[in-house]
Structures are given as C-alpha cells and as structure tokens.
Amino acid sequence: SKREIKMRKLDSTKVRPLKTEQLLHIEEHDFALRPGFGGSPIPVGIDVQVESIDSISEVDMDFTMTLYLRHYWKDERLSFRSNKNKSMTFDGRLIKKIWVPDVFFVHSKRSFIHDTTVENIMLRVYPDGNVLFSLRITVSAMCFMDFSRFPLDTQNCSLELESYAYNEDDLMLYWKHGNKSLSTDEHISLSQFFIEEFSASSGLAFYSSTGWYNRLFINFALRRHIFFFVLQSYFPAMLMVMLSWVSFWIDRRAVPARVSLGITTVLTMSTIMTGVSASMPQVSYIKAVDVYLWISFLFVFLSVIEYAAVNYLTTIEERKQLKKRGKASGMYSMDAVQAMAFDGCYHDADEDVDLSPFPEPCEENETRASQTNISNADTPRLKRKRSLKGNVGRIILQNNHVIDTYSRIIFPSVYIVFNFFYWGLYI
C-alpha cells in the first residue's frame, strides 16, 4: 500500500548507499571528451619527484629512472556536494571511467607502472572538481651522450613529457610550482657519476601533421668519477711506458733482453686498449682516453724502434772500424760474426785476434782472466764484490750508445710534457 511505501522511505536502515559513479555523476557525462571541449585549452599542471636513477648505460646510451608523476587539472563534471569540503581518494579502478591526461615520455624505450601489491595509482577528487592523479613509474629513455671527453666527460640528459593526442589548442602542460615542481630524493647516488644538477624547463614541439605540443623537460647533469679509470687504464699505461724506458739502461749488446722487454710492453699496451674499447660504444670519433692510450702506445713502440736503430748503427760502426784496421778480409767466418753479434766479442778458432779498437766488447773477458789469476787468493764473496764494483758500472757506461744516452732524457721529458698538456686540456 501507499502507507507502507512511505514508511519504507522514511526508514534510513532500508535506504541503499549511493555508488561512487552516482556521487560523481559519471553516468551523466561523456568522459571520452576532454573537460571544456570546444573552448580554451585545459591547463594540466605537472610535478615530479625523482625517487632514484637506477642505471646509466654508455653502450645503449640510455638511463633508467623511477619517479612519482603527478597531474593536476579541473574537471567540473566530477564536482560533488560535500558538507565538510573533503576530497575523495580512489585507486586505479576508477581511471578507466573518467578522462585523464594522456602524458607520455618522449624518446622512452620502455616504461611501466609499478603494480605491487596493486597498481601504484592514486586519484583524488575535490568537491569543486579539482583532480590529483599520481603514478609511480619506472622509465628507460634515451640520452644522447658525447664521449669525445670520456672518461673526463659530463653528460647532460633529459626526460621529456608531452601529451600524445592533444596539441596546444586542447591541452596546456605546465610545471605546477615552477622550478620547485621537480624534487629529488636526498640519497640518490650512482656508482660512476656525480649528480651535479636537476632542473625543470618547458618548450614546444612541432609535428608537421598534427601541430604544436607543449613539452616539459626534466634535465640533469652527470659528471663521471675518474678514479676508477685512473686505476684501470691511465695508471697501467703510465707504468708500461716507464717500463719501456728500462731498455735504455740495458747493455746494447743484450739483444734478447731488450727485444723481449720491448715486445712485452707493446703487447700489454694493446691489451689495455682492447679492454677499454670493449666496454664502450663503437663511436666514429676519438675519445680522450683513446688519445692518451695511443700516445702511450706510441712511446712504447718508439722505444722498440730506438733499440733497432741502436743495434743497426752499432753493427755499421763495427764494420767500419774493422775495415780501417784491415780486419774485414775473408778470414771471418759466419760463425764468428754471429758470435760477435751475440756477445760483442770477436771469436777466431785459429788465432787470437787483437781487438784493441774495441775495448768495450771484450773488456769483460780480459777482466775475467785477471780475476782468474787471483782467484786462489780471494774468496768467492770478495771476487763478486770486486766484479760488481769495478766492472758492471764501467761496462754499462762503455757499452752505452749515444742514442741511448739521449733517449734517457728525451723520452721522459716529452712524456711529462704530454701529460701536462693532456690533463690541463681535459680537466
């Protein structure tokens, strides 16, 4: 009866609670269209809080960043009555039923919204229709890096935000709080970089088919830690160059010692250069580390060439002196010549040839003979002591070539000057 229906309406326990869609009038509007369709562009404010920079890859030329992205706009279609003027907060289930800005990341390779334990999405609606839409996103985006100063470089990267469908006639993106719209976690740190600067900027992007779009930029500057590369590349290269200089102090007649030392340092430098280039992108220009390693390799290579010149000039000098002494006849066999090349002394099976013009090569043999005569009177320790003091230094100095003498001064001096200009130019 009519009386029972009226009593049922007055009974509050029998009234069903209103749905969210009914409270926000979602069913009464077409949310496929933007707010204020046909009028002025809708302003959408953005602010970002950077949680972390997860990785930076030189090989792929990209970076990965986790951030909180927040949107602010006003949609009067979502306004509702509230006696206490309090907002309503929803999760991601309501997003598919209302209009939200279609902001995307320009030059992004991959991105995702975190979904543990549920999608990290928050929607807050105020009674006057103002909306706050927040996401927690991890995005990997391109960073166009310049390695001409690597590893003494500073890289400038940016994450760019833009509306995909709405140009500047429909949607206006802007930083909600100006330069303060971008905030970062105080504990952000990277293994290979110092984070020097975070800044926000804005601009316009033009597409020939769709027009002009508002674009927002998250800019940050990264300065590379150099200490790792000093230990892994620069310091070993310095040691190899200095090790190659040891050859200048070895007797010029010690062919196996000087040749093996030169070849070893050359191969080691090649290994260092290969290791550095393997961890870097294959760029078409020269990097700062390439300049240093190639110059160091050149110094090591020239030390090998220096001994080749010393050995060649020594052989020519000996032949000229033999001709002057009348010793360049056919009495020398091939075996004798080879023996002289190895130990610096002339050997003849028939007679003992006087090599007075060459006291340097054979002086050691004469010294040994004199020491043999007095070996009965001296102890082995005294004999070694006299041999070291009296012969080693004198033999090295007498068997020294003029090129070796100059090389001991020129090579270190030029290398020091090179290091001075290199570090002054790139630091």
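**Figure 1. Arginine 408 sits over the face of tryptophan 249.** In this predicted model, the distance from arginine 408 to the ring centre of tryptophan 249 comes to 3.9 Å.

**Figure 2. A nonpolar patch on the surface takes in Tyr406.** Here we've zoomed in on Val402, Tyr406, Ile409, Ile410 and Val414, which together put about 490 Å² of accessible area on show. Tyrosine 406 belongs to helix H9, which covers residues 402-426. Its relative accessibility is 53%, so tyrosine 406 counts as exposed.

**Figure 3. Histidine 401 is tucked into the loop between helix H8 and H9.** Helix H8 covers 380-398. With a relative accessible area of 9%, histidine 401 is buried. Asparagine 311 is worth a look too: it is 90 residues away from histidine 401 along the chain, yet the two C-alpha atoms are separated by 9.2 Å.

**Figure 4. Tyrosine 415 and phenylalanine 418 make a tilted ring pair.** Their ring centres are 6.1 Å apart and the planes meet at 40°, so this one goes down as tilted. Both residues lie in helix H9, three residues apart, or about one turn of the helix. Tyrosine 415 has 5% relative accessibility and counts as buried; phenylalanine 418, at 16%, counts as buried as well. Zoom out a bit and both turn up in one aromatic cluster, along with Tyr234, Trp245, Phe248, Tyr292, Phe299, Phe411, Tyr422, Trp423 and Tyr426.

**Figure 5. Phenylalanine 147 and phenylalanine 150 pair edge-to-face.** The structure holds 27 aromatic pairs, and this is one of them: 6.2 Å from centre to centre, with 75° between the planes. Phenylalanine 147 and phenylalanine 150 are both buried.

**Figure 6. Arginine 34 reaches aspartate 170 in a salt bridge.** There are 16 salt bridges in the structure; in this one, the closest N and O atoms are 3.3 Å apart. Arginine 34 comes from the loop between helix H2 (20-23) and strand E1 (42-57), and aspartate 170 from the loop between strand E8 (154-163) and strand E9 (171-175), so the contact ties together parts that are 136 residues apart in sequence. Arginine 34 is buried, with a relative accessible area of 3%, while aspartate 170 is partly exposed at 26%.

**Figure 7. Aspartate 62 and arginine 110 join two strands through a salt bridge.** The N to O distance is 3.9 Å. Aspartate 62 is in strand E2 (residues 62-74) and arginine 110 in strand E5 (residues 108-113), so the pair links parts 48 residues apart in sequence. Aspartate 62 counts as buried, at 6% relative accessibility.

**Figure 8. Aspartate 75 and arginine 77 form a salt bridge, shown with a separate network.** For aspartate 75 and arginine 77, the N to O distance is 2.9 Å, and both residues are buried. The network is made of Glu58, Asp153 and Arg224, joined by salt bridges that share partners.

**Figure 9. Two spans carry a "transmembrane region" label in UniProt.** The unreviewed entry lists residues 226-247, 259-279, 291-310 and 409-426 under that name, and this view picks out two of them. Residues 226-247 are 82% helix and 0% strand, with the end C-alpha atoms 31 Å apart. Residues 259-279 come out at 95% helix and 0% strand, and their end C-alpha atoms lie 31 Å apart.

Technical notes. Residues numbered from 1 in each chain as written. Predicted model: local features only at pLDDT ≥ 70, side-chain atom pairs only at ≥ 80, totals over all residues. Heavy atoms only, no water. Patch = residues over 30% accessible without salt bridge, like charges linked within 9 Å, V, L, I, M, F, W, Y side chains within 5 Å. Areas by Shrake-Rupley, 256 points an atom, 1.4 Å probe, with all protein chains shown as cover. Salt bridge = Lys/Arg side-chain N within 4 Å of Asp/Glu carboxyl O. Helix = DSSP H or I, 4+ residues; strand = E, 2+ residues; numbered from the N terminus. Buried < 20%, exposed > 50% of the residue type's maximum accessible area, 1.4 Å probe, protein only. UniProt positions renumbered as here; feature names shortened; annotations may be inferred. Phe/Tyr/Trp six-rings, centres within 6.5 Å; stacked < 30°, edge-to-face > 60°. Lys NZ or Arg CZ within 6 Å of the ring centre and 35° of its normal.
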